[in-house]
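Subject: Structure for you to look at

Hello,

Here is the structure I said I would pass on. Please open it alongside this email.

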Amino acid sequence: MRLLLIRHGQTPANVLGRLDTAHPGPGLTELGQRQAEAVPGALRDEAIDGIFVSTLLRTQLTALPLAAERGLARRVTDGLHEIEAGDLEGLSSYADQMRYMEVVFSWAAGELDVEMPGGPNGHDFFGRFDDAIESIGREHDGTVAVVSHGAAIRTWIASRTSDVNVRYAAAHELANTGIVIATGNMADGWIVEAWDGAPIGGAQLQDASADDPTGEALA
């Protein structure tokens, strides 16, 4: 199976740097909508068999133009949602942002017992995200678009692929509608075909002023 793991378009929380992981979550900004509208053209050469989105509204809105252009349904899939911020939900200070990212990247490094303050641990996250990808793989062995979230994609890729580690994932951004392409399956493992951290519709759709911890490269 070939996964096109696409981060959702920009939200108001992304602009403010606020940790916003609760359901149903915010919609898209005007820029986020333009990012979503650029996705079909950016993926014109991809033969996509299915489109899967998380339970959070922003992924469903991001996938809408691609689904309409391809005549495919958006399949809402439990388990693909963002890593829950727990007690850090709604906070936006640099210290809170870094605490969140330190926890999720510790999971990618194999420290699965570490808990998000008032939230899940690594076993919880990988259990539900792995289950979601495995369920998609039972239906498809070709190329699928999976619209998910910045921290979730970076953490899962850093742990589950053989050629990208946590150091790489932490050092490389994944902007809104950035894409990571991975090939493989849950039984045999995954390799990363491409990591394009900029919006797939082009650099003109990037907002360099947004304070967006889940997508930014960490120093």
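Below is what was found in it, from the overall fold to the nonpolar cores.

Please keep in mind that this is a predicted model.

Fold. The protein has seven helices and six strands. Their order along the sequence is β-α-α-β-α-β-α-α-β-α-α-β-β. Of the contacts between residues at least 6 apart in sequence, 70% join residues at least 24 apart.

Size and surface. The C-alpha trace spans about 40 × 40 × 30 Å along its principal axes. The radius of gyration is 16 Å, which agrees with the value near 17 Å for a compact globule of 219 residues. Buried residues account for 54% of the 219. The exposed area is about 8900 Å², and 49% of it comes from carbon and sulfur atoms. There are 15 positive and 32 negative side chains, with the centres of the two sets 3 Å apart.

Cores. In soluble globular proteins, nonpolar side chains tend to be buried together. Here the largest nonpolar core has 40 residues, and those with the most contacts inside it are Leu 3, Ile 83, Tyr 100, Ile 133, Trp 156 and Ile 157. Elements that give two or more residues to this core include strand 1 (2-7), helix 5 (122-139) and helix 6 (150-160). Helix 4 gives the most, with seven residues.

Trp 156 is a good place to start looking: among the residues it touches are Leu 3, Leu 5, Phe 129, Ile 133 and Trp 190. Apart from this core lies another, of 15 residues, among them Ile 6, Ile 48, Ala 145 and Ile 179.

Regards

How values were computed: Residues numbered from 1 in each chain as written. Predicted model: local features only at pLDDT ≥ 70, side-chain atom pairs only at ≥ 80, totals over all residues. Heavy atoms only, no water. Helix = DSSP H or I, 4+ residues; strand = E, 2+ residues; numbered from the N terminus. Rg over C-alpha atoms; globule rule 2.2 N^0.38 Å. Buried < 20%, exposed > 50% of the residue type's maximum accessible area, 1.4 Å probe, protein only. Contact = heavy atoms within 4.5 Å. Areas by Shrake-Rupley, 256 points an atom, 1.4 Å probe, with all protein chains shown as cover. Lys, Arg positive; Asp, Glu negative; His and termini not counted. Charge placed at Lys NZ, Arg CZ, Asp CG, Glu CD. Core = buried A, V, L, I, M, F, W, Y, C linked by side-chain atoms within 4.5 Å. Lists of a residue's contacts leave out its neighbours within four places in sequence.
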